Amino acid sequence: MARAFLFVLDSFGVGGAADAERYGDAGADTFGHIAQACADGRADREGLRSGPLAVPNMISLGLARAARTATGLKLDVDTLLLAASFHGAAQEVSSGKDTPSGHWEIAGLPVRFDWGYFPDTVPAFPAELTGAIIREGKVPGILGDCHAPGTEIIERFGEEHIRTGKPICYTSVDSVLQIAAHETHFGLERLYELCLTVRRLVDPLKIGRVIARPFVGETKATFQRTHNRRDYAVPPPESTLLDRLTARGSKVIAVGKIGDIFAHRGISEVRKAGGNMAMFDKALSAMDDAGEGDLVFANFVDFDTEFGHRRDAAGYAGALEAFDRRLPEALSRIKPDDLLILTADHGNDPTWRGTDHTRERVPVIGIGPGLKGGDIGLRPTFADIGETVADHLGLAPGRHGASFLATIGGHARTA
């Protein structure tokens, strides 16, 4: 029975992107710099973690060797590899270093066009757009109108937002317009409706995502974002792996924000939860429920939102270790003819300057019973991941990328 499981550790890059300098990220290395910070004692935190980074299960799938493929540097954390495991790295060819580009390319569709972006000015949004948001969104005005980290801008404007009813609108170097609003004072459903309106308004500007960022609390000291985030993305311009699977009758179970990223196209079922560990529970139950020819596509967003953007190396390291401790639960669910791949969509080096994503190569590690496994080398595009899953599940080749299934001793299954 052929099934596939694709786990994305959001932002867990391994450095070495050939075009990193173009993005101001030459030298960025999420995994390598976290490992170094841990080794140096700079990622110790009482009650959370201490000492060298401990991710033995991912190492046994070839994580350290994947990092070596990406950067050429040998990390002193290598160990024996599990039988039937494979390892390598992939270079992104899509424009930008954002979530939709990375995930679409993983699903076999590189983004060759340029997204629209808002300038790092105050105000950041065109006056015509701001006026339309106020008029069509039926709000008394907006706050923010600038580039800012999400938690910081809520601290700055949250109390004024509650007092005035004006939503907090902000952006970043990504192709995104984010709207933060209080879940009760403004209303969660009202926030979602506003985001749908803004999604339509920014379509002509080629903005990739509008993101609802609800929060709770009454004062600057107590504000906290909730897990009711919702992304409103433009739909992919061509068929992805997900479309191809659902078109032939297979099921695609999306865990986390995967459904939002693909504008819910090619998705059979969405399962969400708050936090990486709760998401892991959802992923495990999806693995249990997946049938022949099905794909479980999971995103673990906390690495990015809670630790990468906040430049929290200790928190990121602790999250990696927590994920790694639970990985055997997923491995125990792998059956003959299954394929499990762990990868990432971009980098977000917590030791790097600024607060934004970093252009990096990503690890491609995994396992499949009966495979010979081994080194898949440096893949020229993330699309090779999606094409490998397609090959494994018995789909005809897509337009982008090339399967590495034969390299690791596999062959196409009949779903």
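Is Arg359 buried or exposed in this structure? In this predicted model, Arg359 counts as buried because its relative accessibility is 2%, which falls under the 20% that separates buried residues from the rest. That answer is a useful place to start, since the side chain of Arg359 carries a charge partner with it: Arg359 and Asp19 meet in a salt bridge, with 2.8 Å from N to O. The two residues come from distant parts of the chain, Arg359 from the loop between β12 and β13 and Asp19 from the loop between β1 and α1, and their positions lie 340 residues apart in the sequence. The pair also belongs to a wider arrangement, for Asp19, Glu92 and Arg359 are linked in a network of salt bridges.

A search of the whole structure finds 25 salt bridges, and two further examples can be followed here. In one of them, the side chains of Lys97 and Asp25 meet at 2.6 Å, again from N to O. Lys97 lies in the loop between β2 (85–90) and α4 (99–106), while Asp25 lies in the loop between β1 and α1, so this salt bridge ties together parts that are 72 residues apart in sequence. Both Lys97 and Asp25 are buried.

In the other example, Arg45 and Asp312 meet through their side chains in a salt bridge of 2.7 Å, N to O. Because Arg45 lies in the loop between α1 and α2 (56–60) and Asp312 in the loop between α11 (302–308) and α12 (313–331), the pair ties together parts that are 267 residues apart in sequence. The surroundings of the two partners can be told apart by accessibility: Arg45 is partly exposed, with a relative accessible area of 38%, whereas Asp312 is buried, with a relative accessible area of 15%.

The loop between β1 and α1 leads on to the annotated site. In the UniProt record, an unreviewed entry, the annotation "binding site" covers Asp10, Asp345 and His346. Although these residues are spread over 337 residues of sequence, they cluster in space, and the largest C-alpha distance among them is 7.2 Å.

Asp10 lies in the loop between β1 (3–9) and α1 (30–39), and it is buried, with a relative accessible area of 0%. Leaving aside neighbours within four places in sequence, Asp10 is in contact with a set of residues that includes Thr99, His103, Lys257, Asn299, Tyr316, Asp345 and His346. With one of these, Asn299, the side chain of Asp10 forms a polar contact of 2.9 Å.

His346 is found in the loop between β12 (338–343) and β13 (362–367), and at 1% relative accessibility it counts as buried. Its contacts beyond four places in sequence include Asp10, Ser11, Phe12 and Gly13, and also Lys97, Asp98 and Thr99. The side chain of His346 also makes a polar contact of 3.2 Å with the side chain of Asp345.

Elsewhere in the model, strand β6 (residues 209–216) offers a view of how strands pair. Seven of the eight residues of β6 are buried, so that the strand is mostly covered. Strand β5 (residues 176–182) runs parallel to β6 and is joined to it by seven bridges, and within this pairing Arg209 is the bridge partner of Val176. Between β5 and β6 the chain passes through helix α7 (residues 183–202), making a β-α-β crossover that is right-handed. β6 also pairs with strand β8 (residues 230–233), which runs antiparallel to it over four bridges, and here Val210 stands opposite Tyr232. Strand β7 (residues 224–225) pairs with β6 in the antiparallel sense over two bridges, with Phe215 standing opposite Arg225 in β7.

A last stop is Leu242, whose place is in helix α8 (residues 241–247). Leu242 is buried, with a relative accessible area of 0%. Once neighbours within four places in sequence are left aside, Leu242 is in contact with Val252, Phe262, Arg265, Gly266, Ile267, Leu295 and Phe297. The C-alpha atoms of Leu242 and Thr30, which are 212 residues apart along the chain, are separated by 28 Å.

Methods:
Residues numbered from 1 in each chain as written. Predicted model: local features only at pLDDT ≥ 70, side-chain atom pairs only at ≥ 80, totals over all residues. Heavy atoms only, no water. Buried < 20%, exposed > 50% of the residue type's maximum accessible area, 1.4 Å probe, protein only. Pairing = 2+ DSSP bridges. Right-handed = clockwise from strand over helix to strand, strands pointing away. Contact = heavy atoms within 4.5 Å. UniProt positions renumbered as here; feature names shortened; annotations may be inferred. Polar contact = N/O pair within 3.5 Å; in protein donor to acceptor, adjacent residues only side chain to side chain. Salt bridge = Lys/Arg side-chain N within 4 Å of Asp/Glu carboxyl O.
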